[in-house]
Amino acid sequence: MAFSTSSHAGNSNIRRGVAAAGWTRSLIPFTSSNTKSAKHVRKSRKRTALKDFIFANFFIIGLAASILFFLFVVYLYGVPRPISSQFRIGNSRVFKPRKSVYRRTSPSRFLASNHSNLSFGAAAVDLTTKDLYDKIEFKDVDGGPWKQGWRVSYKGDEWDSEKLKVFVVPHSHNDPGWKLTVDEYYDRQSRHILDTIVETLSKDERRKFIWEEMSYLERWWRDASDAKRESFTNLLQNGQLEIVGGGWVMNDEANSHYFAIIEQMMEGNMWLNETVGVIPKNSWAIDPFGYSSTMAYLLRRMGFENMLIQRTHYELKKELALHKNLEYVWRQSWDTYETTDIFVHMMPFYSYDIPHTCGPEPAVCCQFDFARMHGFMYERCPWGKHPEETNQENVKERAVKLLDQYKKKSTLYRTNTLLIPLGDDFRYISIDEAEAQFRNYQMLFDYINTTPDLNTEAKFGTLEDYFRTLREEAERINYSRPGEIGSGQIGGFPSLSGDFFTYADRQQDYWSGYYVSRPFFKAVDRVLEQTLRATEMTMVFLLGYCQRAQCEKLPTGFSHKLTAARRNLALFQHHDGVTGTAKDHVVQDYGMRMHTSLQDLQIFMSKAIEVLLGIHHDKNNQNPSQFEPAQVRSKYDAQPVHKAISANQGTVQSVVLFNPLEQTRNEVVMFIVERPDVTILDSNWTCVKSQISPELQHSKMKMFTGRHRVFWKASVPAMGLQTYYIANGFVGCEKAKPAKLKISSNANPLPCLVPYSCSKLEGDSVQIRNRHQALTFNAKFGLLQKVTQMKGTQNVIDEELAMYSSPESGAYLFKPNGDARTITQAGGEMVISEGFLMQEVFSYPKTGWNRSPVSHSTRIYNCEGSVQELLIEKEYHVELIGGEFNDRELVVRYKTDIDNKKIFYSDLNGFQMSRRETYDKIPLQGNYYPMPSLAFMQESKGQRFSVHTRQSLAVASPNNGWFEIMLDRRLTTDDGRGLGQGVMDNHPMNIVFHIVFESSIAPVHDPISHPHPLSPSLFSHRVGAHLNYPLHAFIAKRSQEISVQPPPRSFSPLTAPLPCDLHIASLKVPRPLKYTQQIAEEPRVVLILQRRHWDSSYCWKGKSDCSRIDDDALNLLNMFQGLDVLNAKATSLNLLHDDTEMLGYGEQSTDVGQGRVLISPMELQAYKFDLRPHQ
């Protein structure tokens, strides 16, 4: 993505940049020869033998320990020439050999009972992003030529003992959609760029290039001639061309869920490996707008070794550069064993374009962007001095000038190996452009390399060339600082934990707006994710239980559409897709792709359930299905609509529920019916008690639609199917019990619908309750005020709806003009539904507009044994549509009595939590953070308040006890980051939260004194899973006569529900089309498991519907009913590495081949195996 033409540091052509998620094949990590004292070591399981050894050699061990301690003290304080150590006093660069030793970790690092944050370890690191934020003053001091830094200088002798090694890395950033659609970009630019790369690199083996996005490369490969393909492959093999990252796209890291990140990386990496036999080793992410530590973890577990990132807060870059910490080892905050370490290079300057990559002075660097010479289409240098052709007369002066920038940049890093990116958005589009860059730089390199006094070697390189040379130098020379923890993988660099949100590129321009931009499509993204995951599961079961060729027709016939769905989801993870930062017609293109795939997946699942339930055994992709999804979308930008069941007299309609979770679900479900006099029957034709309530809608004049919602408690087996029947006229069963209605209306009086009893709402407050909690509302405003637990505790919640006026905000930036103002006034419309299964308060608030931009429902449930009865469900219907809402940003506030000191925790990609703190020294927009699925706050007394969301939004805690969550934004202005438009394509949408108050039963950490992230409770994990992986519901297209009773129909594939802290992130057949073609010994099914870490201080609610937790190894062989698991083996998250030790997992404590799997908390682990029906 390019930047806009707004000026910065004298640059009138600012580029916005793009995001690349790079990947690297793991080598044996480097380690120092001495182990750090801070290292935690697990006791051996062979405790008896260990005790015998210790007692037998007690004196010798004690003596050895004393001698070692003495030597250590002497080394620290008195020896002029220290013994070999990775720590070195002083800053001089001294040669020192390093021995490559793999630092083995204990196989099972955490006991199953080790869930409490009081015992869950925090990583020992040199730097945390929290500490950096605490230290930085955020003064935005003008640094001169390097506006956001300082006037960089050097002595000149820094390269005497180790010459400067410069790698200039040509690249072209290709957004798969931004101002043009992915197809438009390919046709107009990207295919020409790839053609150019192949032709120009083939002319000179000294030329190098890197490429990131597989979405474009796959399309080019399909179109390319055999000769071009061969040339491309040769360039990869001889090291001139490197694929970096290799994901389908360079994904966003704020909004994307980890499931989708894994999917897009897997899709790109597997295609690349299958097509040209390459597995990426290095990640290149120059354009995501902030960086998540989850991405670092996933890359490490995919076998990547190194990462490059760019868009971090400019003040943070400056602080790291001042201490030469721009290169570091990224470690997960929970990792006490250094198993997640991955090496990172952070670019130091404003942008990834050429003026901001050769050195600290963009006015000079721009003169070496030879595509800005006369005759090319790019803008000339805005500083007034332009590039000129290099020749024999000026080569000396030009080379010295360029080298001066290189040397200044080099002083910001520890080693004398320097990386210089050479590219920008959609560069190298023509042969002439590429030749201008390669020709001029090669002449400059030739002069530098043949002038010994310059003590520099400069050449074109790939990212692999750079990282390999840097690691070699770090092996020879000790760059470690005194007392630095570092990493056992690569010496000489600090270790760091934390994430890099929220990004600011200049002044007080914080990129927190994109956390919410286009929230409608952020919601569609998550629906597509959960539908794809469920479809992949049904595909596994169809093929696994299949014993003849006929039943393979349906899954194999769907293979192409399944691949398209994976790729459409992957495409939207692009940092201009799920971020909501593309042009309107590009957003439409993304939306239509996702909509098409959603329809395809739902149709397939409708057919698959017939086979799995035994209704049909030989279904194929052409046969119509007997079922249809209970919710359908008429077009890509429409809200899903519930199909209404007619329920005519004397008929019965079957409905099927699919549970995508690993545990049995008992919860209240809802279907829409046209008639209220219905009865619910289970699969055995047994009566089920049910409730009927009116369907409500966002309308002041007509809140009742005339249709009805029927509720009942359903039980669905883990990853299985259950059938229920909605009947009318069934003798012997009680009809659905109508809810009692209370109505408050200041508009036309609402009619009381049959068969409900209605009364007028009286008083200033209203309350709904179940057996666990009571909710109190302000009847004048229709807003939730407090929550009272039946055990006696009471919490203020004080809900508020407010709007910011933001004339300067745009798709990327949130720049409010003052505080948000409340929008609700006394006198709105309310409907209270009171039933034995569900109680609800629906509010259409009065506002300053004729049509309110929001209405909302609050629900509680009675469902014994389910998490559902312990939560509060909030559903906001948002319509920020029309010019009256221009430049407005809608938020909901929960002003609780939790004393959180403005400290809270928000999730990163649905995978882990990050500690957040509201800083007075930065503006509100900088204190907003991504909220993909969860945010919670707690006080030192242990009271915790959590908000779960089913789509990515933004959250802040601007005042003590407050949560402020942005729901939607409508903006007329372009915010100067290159998009060239505002965000005006809002759509009606529903946002659902699940809200929980919890009280601890054990001591908890004080959020102020404890700087590390906390974990959700087990109950909170369960709430999030129920919200983000809902039941998939299907309805029979035709009703049946009530006199015909079908046989019981259900499907239960697991031998037992999984432990409640184990989550199946993915169960899939990666290549279903090749399922029957593959060799029998090659595993064809993939299972990715996540073991959640949970805070046992709140465990008492966690077992509400849990049978067990993961206190023992999971046996894969016994996981599925009626299926044998064969050829099981562990693999990487991108399925391309089977050596799990190289991925950082350490020694395998379980025999995967025998099916036994034990996963440490927080870990994701992937397994390949085959499934075969029991013989």
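How far does helix α13 (residues 463-476) reach from its first C-alpha to its last? The answer is 20 Å for its 14 residues, close to the 20 Å expected at 1.5 Å a residue. Keep in mind that this is a predicted model.

## The whole protein

Let's step back for a moment. The protein has 18 helices and 58 strands. Of its 1175 residues, 66% are buried. About 40,000 Å² is exposed, and carbon and sulfur atoms supply 51% of that area.

The contacts have a long reach along the chain. Take those between residues at least 6 apart in sequence: 77% of them join residues at least 24 apart.

## Helix α13 and the loop before it

Back to α13. Eleven of its 14 residues are buried, so this helix is largely enclosed by the rest of the structure. The buried set includes Leu-463, Tyr-466, Phe-467 and Leu-470, and also charged residues such as Glu-464, Asp-465, Arg-471, Glu-473 and Glu-475. Thr-469 and Ala-474 are on the buried list too.

Gly-461 sits in the loop between β12 and α13. With a relative accessibility of 0%, Gly-461 counts as buried. Leaving out residues up to four places away in sequence, Gly-461 touches Phe-167, Val-168, Val-169, Pro-170 and Lys-208. Val-166 is 295 residues from Gly-461 in sequence, yet their C-alpha atoms are 8.6 Å apart.

## Leu-419 in strand β11

Leu-419 is part of strand β11, and it is buried, with a relative accessible area of 0%. Beyond its neighbours within four places in sequence, Leu-419 is in contact with Phe-167, Val-169, Leu-308, His-345, Lys-409, Leu-463 and Tyr-466. Two of those partners, Leu-463 and Tyr-466, are among the buried residues of α13, while Lys-409 is one of the buried residues of α11. Phe-167 and Val-169 also turn up among the residues that Gly-461 touches.

Phe-460 is 41 residues from Leu-419 in sequence and 10.0 Å from it in space, C-alpha to C-alpha.

## Helix α11 and its packing on α12

Now for α11 (residues 395-410). At 1.5 Å a residue, its 16 residues should span 22 Å, and its end C-alpha atoms are indeed 22 Å apart. Its buried residues include Val-395, Arg-398, Ala-399, Leu-402, Leu-403 and Gln-405, and a run from Tyr-406 through Lys-407, Lys-408 and Lys-409 to Ser-410. The buried residues of α11 pack against β4 (164-173), α10 (362-365), β11 (417-425), α12 and β12 (456-460).

How do α11 and α12 cross? Helix α11 packs with helix α12 (residues 431-449) at an angle of about 85°, with the axes 9 Å apart. The two are therefore roughly perpendicular to each other. From α11, the contact uses Val-395, Lys-396, Arg-398, Ala-399, Leu-402 and Tyr-406; from α12, it uses Tyr-441, Met-443, Leu-444, Phe-445, Tyr-447 and Ile-448. Sorted by class, that gives ten nonpolar residues, two charged and no polar ones.

## Helix α17 and the glycine after it

Further along comes α17 (residues 584-612). Its 29 residues should span 42 Å at 1.5 Å a residue, and the 41 Å between its end C-alpha atoms agrees. Just after α17, Gly-614 takes a positive phi of about 80°.

Notes:
Residues are numbered from 1 along each chain as its sequence is written. This is a predicted model: local features need pLDDT of at least 70, side-chain atom pairs count only at pLDDT 80 or more; totals for chains, interfaces and linings use all residues. Side-chain values use heavy atoms; hydrogens and water are left out. Axes are lines fitted to C-alpha atoms, for helices over the stretch in contact, and angles run from 0 to 180 degrees between N-to-C directions. Helices (H or I, at least four residues) and strands (E, at least two) are DSSP runs, numbered from the N terminus. Angles under 35 degrees count as roughly parallel, over 145 as roughly antiparallel, 65 to 115 as roughly perpendicular and the rest as oblique. Contact means heavy atoms within 4.5 Å. The expected span of a helix is 1.5 Å times one less than its number of residues. Buried means under 20% relative accessible area, exposed over 50%, partly exposed in between (1.4 Å probe, protein chains only). Accessible areas come from the Shrake-Rupley method with a 1.4 Å probe; for residues, only the protein chains shown count as cover.
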